[in-house]
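Hi everyone, thanks for coming. I have a few slides' worth of things to walk you through, so let me put the structure up before I start talking.

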Amino acid sequence: MDTQPSTVGAVTPKPAQGAKPTGKPAVDASGKSSPELEHLRMRRRLIWVATGGFLVTNLLMFLRFFFPRTLFEPSLKFRIGSPSDFGLGVDERFKQSHRIWVVRLPDKLFVIVAKCTHLGCTPNWIETENKFKCPCHGSGYDMEGRNFEGPAPRPMDRAEVELDAEGQIVVDTSRLYQCPAGGKCEFDTDPNSYLAMS
Amino acid sequence: MDWAQLWHIVSLPDNLPIVALAVLVPFYAWYGLRQARKTDQLIGTLEANPEMAATHHRKVHPWQPAWAREVQVWPYLLRIEFLAAVIVTAVLLVWSITLDAPLEEPANPNHTMNPSKAPWYFVGLQEMLVYFDPWFAGVVLPTLIIIGLMAFPYIDANPLGVGYYTIRQRTVALASFGIGFLMWLTLIFIGTFIRGPGWMWFSPGRTWDHTRVVYETNRNLPDLFGITGPWGKAILGIIAVGAFYAVAGWASHKLVTRGSLNQKIYERTNLLQYATFQFFAITILAGLPAKMLLRLLFRIKYVLITPWVNI
Amino acid sequence: MEPDPNNEQKAGGGLLARAREEVKELRQDLKEPQKTQLWKSVFRVKHERTDPRTRALGVLSNVFLHLHPARINRDAVRYSYTWGMGGITFYLFLVLTVTGVLLMFYYHPTKLQAFRDILFLEHDVPFGRLLRNMHRWAAHLMIITLWLHMFRVVLTGSYKRPREFNWCVGVILLVLTLLLSFTGYLLPDDQLGFWAVTVGTNMARATPLLGSEGPLGPQLGMTPFNDVRFALLGGSIVDANALLRAYIWHCIAIPLIAAVFMGVHFWRVRKDGGISGPAPVMLESEIKPPPPK
Amino acid sequence: MARDVNPGADRQSTGPDPIVDKSLSGPLLIAAFVMFLALGWALYAELYGGRPWKNHQRRFVSLYTSYLKKLRPRQLAAEKAAFASPELQKLEEQLTAAERSAGPRLSEIDRQLTSIRHRLAILKEPFQDARAKIAALTYELEHATSANGKRSIRHDIEEAKKGPFRVALPPEDGKALIVPASLTFGELERRFAECKSREAQLIAQQNEVTSESRELRRKRNDYLSERLVGLTQQQIDGLLRKMNEFRVEIKQIHIEEAGLVERCESCHLGIREPVTMTAADMGGNPLFVSHPVKDLMAIHDPNRFGCSPCHNGNGLAVSSVRKAHGNYEHWLWPLFAKENTEAGCLQCHFKDRVLEHAPVLTRGRDLYELKGCAGCHRYEGVDRDADGVADVRKEIQNLQTRQKESRLEMDREIKNGDQANSNEEAQKHFARAENLRVTVSNIDAMIGELEQKSKFLMQDLKKIGPNLKDVRLKLRRNWLPVWLRDPHAFRPGTKMPKFRLTDDEIRAISAFIWQSGLDGPLPVPQAKGDAAKGKELFETRGCLACHSIGEGDQRIGGEFAANLSRLGEKANYDYIVRWVHNPRERTRPYCPHEKRDLGPEDYSRHGLPFVADPDHSSCPNDGSELQIQNMTVMPSLRLSTEESRDIATYLMGLKHEYAAYPADVSYMEDASLAARGKQMVGRYGCASCHEIKTLEEAPRIGTELTREGSKPMEQLDFGLLEHKARKEGWYSHRGFVERKLNDPAVYDQGREKAPEDRLRMPNVQLTQADSRALTTFLLGSVDSPFRGEFRAIPAQFRYLPTDQQRDLQEGWWVIKKYNCMGCHTIQVGQKSVLSALPRYQDPDWKEQLPPSLLQEAARTNPGWLARFLSNPALSEEDVHRNGVRTYLAARMPTFNFSPNEVRILVRFFEAAAGQPNPYIALKLEPLDERERLMSRALFSSQAAPCLKCHLTGDERHDRYATAPNFLMAKERLKPSWTARWMLDPQAISPGTAMPSGLFHRDGDRWTFAGPTPNVFKGYNGDHVQLLLRYMFELTPEEQRRLTRAVPTAPTAATRQSETVSSGVRSR
């Protein structure tokens, strides 16, 4: 019944108008189809493809648009120097700037986030008793940040550490490792939670 | 002849629209008027033999009785709309890829750009500032233009020429609008291409030199007659303006009532309509060019001088 | 036309046969989606037959298309008559809206950030430059097409009774478009925009009665701090406030107003009997006496 | 079409319907296709077209990787070599030894640690579990409401604490058998705590035991790192790894607080790499080189300062080079050209006179003063003395007005007090009056101070050119016009620029100059001297530090002052003698108040002798401060009249015989010409460099250049060349300045101008390098970069010098002003002009070079230094000699520094040597009799022949002495430094003749290296300290006693031999 393929051809790109998106065989009333009609149907397909492609690509562009190439956020990754800069024990150099302690044990080095696991106060390192003591509610942690007194539910979290190309330690405080009481302890198990020292 | 300069101005991204206008407007004018001419011929023939007029389908477009008088919007109109959309998109894309939108120095109130121009579609107004005081060029005039445009259909009492291109049936309307449109475009062209640093007049192809010096002393009409007293000035001004309105009014009346059709239309026009028409015609269509010429040719700044307003 | 699956299943199905049936059905649907319930639910009309009625329904029942009548004067589809400028203008408005909204994602209307944001758009936002250019050029193009539209309307005398009011609406739309473009000009906060706007608003300063430098303005106690220009800029100079105001006018206020007027404009086109022509010519001899007032 | 016809319309069709039967698919297809292509284009532009950095980064990775690979083996070899070195071997051995010694204890500690940790591990689980349980119960207890509820919970807690907790602990001694124990919570906790603390102790021990080996290891690493140039093996590997993990992206520095965004490193990827890479290293691609000056990067860390604050350019832009470098008209801060980079420094260091890392810029500043630009073009902070005078005058006025006001106020208060109707109110008023009286007197004091200051400033006020009031006394009349026509021809390289003068202009000017000259009192007529002697003197006294002599390639000497090769052609002998004898001697004092030169008549009118010197510096007529000396920087060399005559004779002999001068210059007496001449002189601003009668207060004629670098382009007048400039691409500040400097008249080309409107700037002789330096300086002179909305160098970048740094810069102004560096070495690596002269290449003359002042203040007592600077002769009567090093031919001149400048200089030297200010001498306790004997013995012993070289004041001896007199040490030197000096002079000033190693370390004291006299037997004090104390309480008679003890002064011959043999001669 479609005796005017051209018209349909014209409108196919707007499927929303309820025409047939791709022409079903353009056969006129008497059922015979002609090469001319075939030709038109071909065109119609091409138009459909071009326009459709255009719209789809636009959609993709639209999505890409929302991911700018650069950001202006302060980075939580920072260098703290090379391992040889840290003697055995707790290093308080970065407590002010980044709220972390760097702990160096004979066999490994790791970074404790200076945040009491009880209510989030900043504990103090007490050299003489070699333990961390939280001023707020008296939670106590040993030099590895493991809680042994007070209300703290679990050891202090540790930040991810790794060595970069030039042998500098890179700390990433956005990646934390926890050791919940009773739960699975990520310390030591996860290779990124500490640096092995020879 | 400084071709580089010329090219520089013409090729400024922000001036491209004006270049486009320069092409499009003439084209469409021709495109429309061509049809108008056809129609007028048809009208001519039909006026000539009434019996043909009685039977004729009265369109320039071909028609056969077997053809439907109406067609489906879907698809016959929509397909055209779609085509238009596609073309515009393509054009816009290419344009946007090839030409970057201008971005100049960060805004700096302490450093005036020379020349500092309004956006091109307002440059016409800025150009008017040369001929009139800001309060007129910048405020009154635009308002008048807008009002004039709005009043346009209410003034036009011509019953003929609705829905087809024609000239002979609508000379007055077309002429008045045409003049206005043309004037607006001309102003834009002058403002963009002719006006250089210091808003000085640089004929096309002349180098825009911000150190250029020109001798321009403007005088006021009264000075020509050596009138100094404030009253004298005011009176002279009023006389001059009055005279202009009288003459221009008379002339335009003669024009508007030429020909039998115009005569008929004039008769159908009531006083209010006619007065408004005359006011706008004289003030904007005649007044502006007149003042511009006075200024450009005879370097006359003000005609009417009063303690409050000068024109 | 296709056989009813239920019969077949009765005929002696077994799961396999049934499944085959399902698949067959699915294929059918894919071949003729118009038949599926989903399709029907979306496009309220049956479309299997392309007869005038269906097509008319197609237009009328489609929210985007129902601005159009179902059928129009056979010659009105001729480009030679319409020039299509009105439609293009509207299309450009849509383009501007889309690109504009996208640009807003990366733009802060503050003195410190505005310019930097433009640089940011130009240099690393994906497609940022393309979008910005499109936005600007579309704006220019829109003004051109607008004028041409107006030109055509005058040439064909389409503003005449009964369309006078719609013409007025059109004029308002013209003004709004210019304002839109103008307010947008300041947003990059560069010298071009800054001085363009300064020049533009300085004219407002000279408004009679309401401007601090206009005739009779000072006499009425107009100062740079209480006149029209101040109201436009939110200050006596083009500064942070002006930027913010331009931004809000440009992105929210004026587009809304314009949209409303556009609605009216299109609505009136329909109500005033579609576009004016091409109408059969009328002859001087056929002028009827003026209608009684 | 059936369906388009209204129902009932006849169906038979006629011809195709142009609307209904036309197909649009053709145009549609094309349009859609075009649209699609356009989109493709857009994508390309987005992904590649506008993103040049993508390719750059890929190229960089490949280039850098290959470079590192090349580097690797080289470094490997270097490391091998370093390891091979004996020192390192030694360290290694020590290290292994230390580790071995620590070994057993360590292993013991480790064993204990492991066992403790094991115990802990066993204890931990039950302990923590119990603790958690108890904590939970406690919580319940706290929150329980009912009394018996609490009771029951308490009970539970008790139960919980009882345990018993069964733990199988291995015994402390770590024997294998395990005793299961059942404990209560208390015990459990106790043990846990014990273990914890034990562990801590052990770790501490471990730490302490390993400390030595750690120390050694650190040492070894340091040793390696300082021996190894460049990178170590694993560093290189690290970098290679980095390259493998390299991500192609915009590299950005974002400095939040400064609002700075720098993406330069998206393309300049090599800049911060630890390796130094030249373009050659990176396949000839200059884009990837590392920053040329690593030290600068160290001071200005890019992470804090970014790039564009120094280099300009658009840090945000990455889409094209043009945009990124800001080389387009709409970017106001285009990248500084390579040869002018240092301009960037000036933006923050605009107050600094000398910048260590910016030689070009510093040279630019020097030239600005040297060539007298400052004469016509004001530049903030350059003409310090003149500005200073003005400021002081203003300040004084303000103070005076304030004083008047407070006086009036005071009277009012007193009146009120008298009329007060209550006693305490009166008291209040009188009290206020009292305070005011104090204020008034304070102000008096201040004003006095300021007047002093202005006096000093006037003393320091100098002019670039000679005083033209003396032309008649000094010059040959017919020489003047020749000079004016082309100074560069007469004296190549002179400061005097070449004005483009027409003949009659020259006539007029010379006429005016000549007639405005003073005609008396004439210099005293002088007898001829001995030219040969004069030559010697001229070349040895140090004149050549500033002046040059000889022409073309014969030219030797400094560029600071005039080349005297043709002096004979222009000058008047008597005047030259006077000048050489004392250049500051002024013919007539000038009174700035009356604006004229005073003559004898003014003095006689008040019955005063016609003398004007620092003590008689006030005007006899109105008492205002006079300008009593010639405003020249040339100092007095304290030459005797004979010497002056000799030198003058020598100089007058220098002339071109063939030089011809116009015979008839009678017009120079023509008064009418003079009038015109005065206009000319005013117009060309001669008075800004010269003193000219009636034009003393003439204002500057040039534009101010303080902000030249940031002037809006259209304010630079390119004249008719603007469009040429645009076409040829030098329409920029740089282009403008460079061309202007090379040809000051260039922007008049093609302009129709009356002579008096033409550009006045004269041609200055500049080498390519010089004009580059000046351009750099001017480009950097920008409007305060800390203002401005979009691009501002944030305030926290501002350079805030410490007091010492400020003192340094202050001092540099003076040092440059008087060209101290002509004779002395003041900056590390800087060579004085003298040291470059042929004469001083001979080793024997090297001895004669003026001292290097690198550590001056560390050596000398500031008080003494001040005294020395203001009077280098250190004596009022016999002045024709050096104060300290009488043996030097070159003479430290008398500069007539004002106390201001003396203070500045002393401060400078103290800052340069990092000395605390003020200096407090430390007290040396006096010698007792024995010690005096001992030191006397040592001094006069053959082993330590100090007095052979050090001056003693004895004529015969001093002829050969080449070291300062010990008598001076007491007040001149700082004991601490002297001690260091005696120990190792070579370390302090390499190449000095004073021998090192006179003493050797003996336990905690220094003892004399040579054989000590017998008196020393059983003395266990420090010999250096001993000598030091002796030196610092040395008296003339003591010295005389010594000299008597020492064998008679050696003959020149012996001296020579000794010089060679022992070289025991101090500087």
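I'll go through one interface, then some strands, and end with a few backbone details.

First, some housekeeping. This is a predicted model, where local features need pLDDT of at least 70, side-chain atom pairs count only at pLDDT 80 or more, and totals for chains, interfaces and linings use all residues. Residues are numbered from 1 along each chain as its sequence is written, chains are lettered from A and ligands numbered from 1 in the order in which they are written, and side-chain values use heavy atoms, with hydrogens and water left out.

Let's begin with chains B and C. How many residues does each of them bring to the contact? Chain B brings 108 residues and chain C brings 97, where contact means heavy atoms within 4.5 Å. The size of an interface is often given as the accessible area lost when the parts come together. Here the buried area is about 9,400 Å², and carbon and sulfur atoms give 70% of that. Buried area is the accessible area, with a 1.4 Å probe, that two parts lose on being put together, summed over both.

On the polar side, there are 7 salt bridges between chain B and chain C; the rule asks for a side-chain nitrogen of Lys or Arg within 4 Å of a carboxyl oxygen of Asp or Glu. One salt bridge joins B:Asp100 to C:Arg129, at 3.5 Å from N to O. The interface also has 54 residue pairs in polar contact, both residues at pLDDT 80 or more. A polar contact is a pair of N or O atoms within 3.5 Å; within protein, one must be able to donate a hydrogen and the other to accept it, and residues adjacent in sequence count only if both atoms are side-chain atoms.

Which elements of chain B supply at least two residues each to the side that touches chain C? Among them are helix 2 (16-48), strand 1 (70-72), helix 4 (73-98) and helix 7 (171-194). Helix 4 gives the most, with 17 residues. Helices (H or I, at least four residues) and strands (E, at least two) are DSSP runs, numbered from the N terminus.

Strand 1 of chain B also pairs across the chains: 3 bridges join it to strand 1 of chain C, residues 71-73, and the two run antiparallel. Pairing here requires that DSSP finds at least two bridges between the strands. B:Glu70, for instance, has C:Asn73 as its bridge partner.

Now have a look at C:Asn133, in helix 8 (residues 128-155) of chain C. Is C:Asn133 buried or exposed? C:Asn133 is buried, because its relative accessible area is 2% and buried means under 20%, exposed over 50% and partly exposed in between, with a 1.4 Å probe and protein chains only. A polar atom of the C:Asn133 side chain lies 2.9 Å from the backbone nitrogen of B:Ala101. Beyond neighbours within four places in sequence, C:Asn133 is in contact with B:Ser96, B:Leu99, B:Asp100 and B:Ala101.

Over to chain A and strand 4, residues 108-113. All 6 of its 6 residues are buried, so strand 4 is largely enclosed by the rest of the structure. A:Lys108, A:Phe110 and A:Ile112 point one way, and A:Leu109, A:Val111 and A:Val113 the other way. Strand 3 (residues 100-104) runs antiparallel to strand 4 with 5 bridges, and a hairpin through 3 residues joins the two. Strand 4 has 2 bridges to strand 9 (residues 158-163), again antiparallel, with A:Arg158 as the partner of A:Ile112.

A:Ile112 turns up again as a contact of A:Met156, alongside others including A:Trp101 and A:Phe187. A:Met156 sits in the loop between strand 8 (147-149) and strand 9 of chain A, and counts as buried at 0% relative accessibility.

Last, the backbone. The peptide bond from B:Trp74 to B:Pro75 is cis, with omega near 10°, and B:Pro75 is in helix 4 of chain B. C:Arg161 and C:Pro162 are also joined by a cis peptide bond, with omega about 10°. C:Phe127 has a positive phi, near 65°, and is not a glycine; at 6% relative accessibility C:Phe127 counts as buried. D:Asn896, not a glycine either, has a positive phi of about 55°, but counts as partly exposed at 26%.

That's my tour, and I'm happy to rotate the view.
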